[in-house]
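Student: I would like to learn how to read a protein model. Where should we begin?

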Protein chains: 2
Amino acid sequence: MTEASNFVMSAIPEEFAGIYRGVSEVFPHQPDSDDPNESLLARLQQTDRPLRIKLGIDPTGSEIHLGHSIPVRKLRAFQDAGHTAVLLIGDFTARIGDPTGKSEVRKQLTEAEVKANAETYIEQVRPILDFDTPGRLEIRYNSEWLAKLDLGKILELLGTMTVGQMLAKEGFAKRYEQGNPVYLHEFLYPLMQGFDSVALKADVELGGTDQKFNVAVGRDLQRHFGLTPQFGMMLPLLLGTDGSQKMSKSLGNYVGLQEDPLSMYSKLEKVPDALISDYFELLTKRSLDSLPENPRQAQKQLALDVTGQFHGEAAAQQAQKDAINLVQGGSGQAEAVPEFSLTAVNFPAKVFYLLGATPLCSSSSDARRQIKGGAVKLDGEKVSDPNVEFAGPDELVGKVLQVGKKKFVRLVA
Amino acid sequence: MTEASNFVMSAIPEEFAGIYRGVSEVFPHQPDSDDPNESLLARLQQTDRPLRIKLGIDPTGSEIHLGHSIPVRKLRAFQDAGHTAVLLIGDFTARIGDPTGKSEVRKQLTEAEVKANAETYIEQVRPILDFDTPGRLEIRYNSEWLAKLDLGKILELLGTMTVGQMLAKEGFAKRYEQGNPVYLHEFLYPLMQGFDSVALKADVELGGTDQKFNVAVGRDLQRHFGLTPQFGMMLPLLLGTDGSQKMSKSLGNYVGLQEDPLSMYSKLEKVPDALISDYFELLTKRSLDSLPENPRQAQKQLALDVTGQFHGEAAAQQAQKDAINLVQGGSGQAEAVPEFSLTAVNFPAKVFYLLGATPLCSSSSDARRQIKGGAVKLDGEKVSDPNVEFAGPDELVGKVLQVGKKKFVRLVA
């Protein structure tokens, strides 16, 4: 990651190394400037108050995975350096969704859904952030200011940009040139995100590399409203455990923050060698100079380190032992985990039927018996209700279904 | 005008002739359709309730001239056919102006200014509209609904159009192609105007031919909100008394609705021959088949007809006599009115100084004496204060300055 960034890591003083670790780009970035408006390093060195570090969250209810944890970990690095993490819950944005109904992504949620999702999100990132030290964390909701915007203010926001500037945004430009419709309301979302930075008086905004345009809009709006513009700190997107595509729940190549220790450990100890270094850089604090040289050892260390962050070191160690037992059947002899393809299964499917379809049980009634007898686990968690239903393969791909100590399959698409 | 319209006047039944008279375009217009959604004529013939005819007004305080009176006269034609004129005062639009400060035209006005301007406007159009018959006139203010729009609703409005559709608007397209900035907030104004039609449930919107895009946006928004789309009735822009440019106060080629009878009559009896027919069509009810053949007679008839509308027939007749006296000095012998160029005058200029600069008085002190003696008139109105000041030539161009019965000059640029 460091190679692709726009600053030289070795030029960053040790005390700020955690803040800059794994970052793709900081902007603006004038390496030799000591103007705190041109260089984040200068700002960090000269500030006489905690900086306000913004991270925006869509409370759309997705399960958070390790890819999402990267900017949250970065917030923590700023917290540890004495700054204030500002976790912005986009509740207003989620409440209105895409009022035109044109976007599948921006589904309209009820107030109760948004609230529940926000709470779930906060629970999931609790192991990463410092919730306890006074002044280190602010949780805000953008309905506080966006619900109050009237037409006059919205005209003012829109008036800060030209059509040409907005169409320069990646995505818009391409669609417009190809003659695909770009709807006018889409132009408001970057301005809403930018206005969040105004309302929060953000000093730094974190985001994936795809967020650069929106962060720049925030800078312009802050300037328009007489504030010092924020810095953007762009973070890389994490590749999934398949080593080829962005980590994503729908691709089944993800590790969820709430997975149990065994599941988390098992997925991480299989991360492809080519990703190990990135995973260490983005998901741990371990010095990249002292990683185990043996790739198999490195995988195990990574799995231990990350699992330990979310479940504690003891649980991570136990997961390591369980994983060995699971795969080696306690015999000390490694076996490949057999795969079972879900293509033959008709969804929605109850778990007893699913189990009966695998080689693990001889029939559906055998499956019911095994479940009632307490012998069945899905990704390490006991299954006690034979009628638990799965809507589709997405809920199952990548999980290990197990009967007793020795019989298991990995469910694949 | 009729030649340029998109319908055949002779196909319009006599009872609707007043509504269609002088119109540039009606849309949609399927001449042979009896679908009331495709043909305004069918709508007029089939409706079982008064139609709602919208005319939007910017209460920016300009003096209303005959050019502005054309759509107001059209409102009256609809009133006379039993329909409801809906005069929409754009108070909200004027109150917020252009919040970016980029537009000179959209100056931000105070609530008091807007109120005063609206009242002035209403006073000026009072001679044209039917204010008395119950149900024939509705005066509305768009703050009633625009002030209540929140971000969610505004996203919905914006989401009804694509960038491509909006950039097709004349003016936007050209500026964008030439690389001149088109600011995003400009996209909201047509949608605001369109939403006015939604709120008013307009059946027909009147406007100059330059308003066609905005009226079409109104149709789309009405459809979006489940209403029957309005018809657009586009009216020609009136050429000024110079016969070459659009009537406009700043060009000095206008006739104000509040001008005194003599001034109004004097300007109209000089309308170029080429415009006479258009003026009769757009500003009077007189049958175009029975206009005086003698051009000089036609000018006088036009001046009498229009002056009579605003001041009554007796005052118009008196104005005709006064005009003859003024120009012929009561001698029955026509004289050309000498012109006096204002280029030699330093502005701001007090009236006594202005008068002293003309050949009408021998000096400034002579001018003061003449004013105090009650001998001085400007466009037929007595000047009694020698210290009345004029900021620039725009306030004077085209007016007649007069001392006694026989000495006068027409002020020119």
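The dialogue below goes through an interface, a helix, a buried residue and some salt bridges.

Tutor: Keep in mind that this is a predicted model. We can begin with the place where the chains meet.

Student: How many residues of chain B are in contact with chain A?

Tutor: On chain B, 32 residues are in contact, and they meet 32 residues of chain A. The two chains bury about 2,700 Å² between them, and 81% of that is on carbon and sulfur atoms. Three residues, Leu151(B), Leu155(B) and Leu184(B), supply 27% of the area that chain B buries against chain A, more than any other three residues.

Student: Which elements of chain B give two or more residues to that side?

Tutor: They are α4 (91-96), α7 (151-158), α8 (163-167) and α10 (188-200) of chain B. The most comes from α7(B), with 6 residues. By kind, the residues on this side of chain B are 23 nonpolar, 6 polar and 3 charged.

Student: How many salt bridges and polar contacts are there between chain B and chain A?

Tutor: The count of salt bridges between them is 0. For polar contacts, the rule finds 4 residue pairs across the interface.

Student: Now a helix. What span should helix α11 of chain A have, and what does the model give?

Tutor: The expected span follows from a rise of 1.5 Å a residue. Helix α11 (residues 212-224) of chain A has 13 residues, so the span should be 18 Å; the end C-alpha atoms are 18 Å apart, which agrees. Just after α11(A), Gly226(A) takes a positive phi of about 80°.

Student: Which residues of α11(A) are buried, and what covers them?

Tutor: A residue counts as buried when its relative accessible area is under 20%. In α11(A) the buried residues are Asn214(A), Val215(A), Val217(A), Gly218(A), Arg219(A), Leu221(A) and Gln222(A). Their cover includes β1 (25-27), α7 (151-158), α10 (188-200), β5 (204-208) and β6 (231-235) of chain A.

Student: Is Leu355(B) buried or exposed?

Tutor: Leu355(B) counts as buried because its relative accessible area is 0%. Leu355(B) sits in helix α16 (residues 351-357) of chain B. Leaving out residues up to four places away in sequence, Leu355(B) touches Leu360(B), Cys361(B), Ala367(B), Ile371(B), Val376(B), Leu401(B) and Val403(B).

Student: How many salt bridges does a search of the whole structure find?

Tutor: The search finds 35 over all chains. One of them joins the side chains of Glu205(A) and Lys54(A), at 3.1 Å from N to O. Glu205(A) is in strand β5 and Lys54(A) in strand β2 (residues 52-57) of chain A, so this pair ties together parts that are 151 residues apart in sequence. Both residues, Glu205(A) and Lys54(A), are buried.

Student: What is the distance in the salt bridge of Glu259(A) with Lys267(A)?

Tutor: The closest N and O atoms are 2.8 Å apart. Glu259(A) counts as buried because its relative accessibility is 8%. Lys267(A), at 15%, counts as buried too.

Student: Where do Asp305(A) and Arg286(A) lie?

Tutor: Their side chains meet in a salt bridge, 2.6 Å from N to O. Asp305(A) is in helix α14 (residues 295-311) of chain A, and Arg286(A) is in the loop between α13 (273-283) and α14, 19 residues apart. Asp305(A) counts as buried at 17% relative accessibility, whereas Arg286(A) is partly exposed at 30%. Elsewhere, salt bridges that share partners join Arg52(A), Glu138(A), Arg140(A) and Glu144(A) into one network.

Methods: Residues are numbered from 1 along each chain as its sequence is written. Chains are lettered from A and ligands numbered from 1 in the order in which they are written. This is a predicted model: local features need pLDDT of at least 70, side-chain atom pairs count only at pLDDT 80 or more; totals for chains, interfaces and linings use all residues. Side-chain values use heavy atoms; hydrogens and water are left out. Contact means heavy atoms within 4.5 Å. Buried area is the accessible area (1.4 Å probe) that two parts lose on being put together, summed over both. A salt bridge is a side-chain nitrogen of Lys or Arg within 4 Å of a carboxyl oxygen of Asp or Glu. A polar contact is a pair of N or O atoms within 3.5 Å; within protein, one must be able to donate a hydrogen and the other to accept it, and residues adjacent in sequence count only if both atoms are side-chain atoms. Helices (H or I, at least four residues) and strands (E, at least two) are DSSP runs, numbered from the N terminus. Ala, Val, Leu, Ile, Met, Phe, Trp, Tyr, Cys and Pro count as nonpolar, Asp, Glu, Lys and Arg as charged, and the others, Gly among them, as polar. Buried means under 20% relative accessible area, exposed over 50%, partly exposed in between (1.4 Å probe, protein chains only). The expected span of a helix is 1.5 Å times one less than its number of residues.
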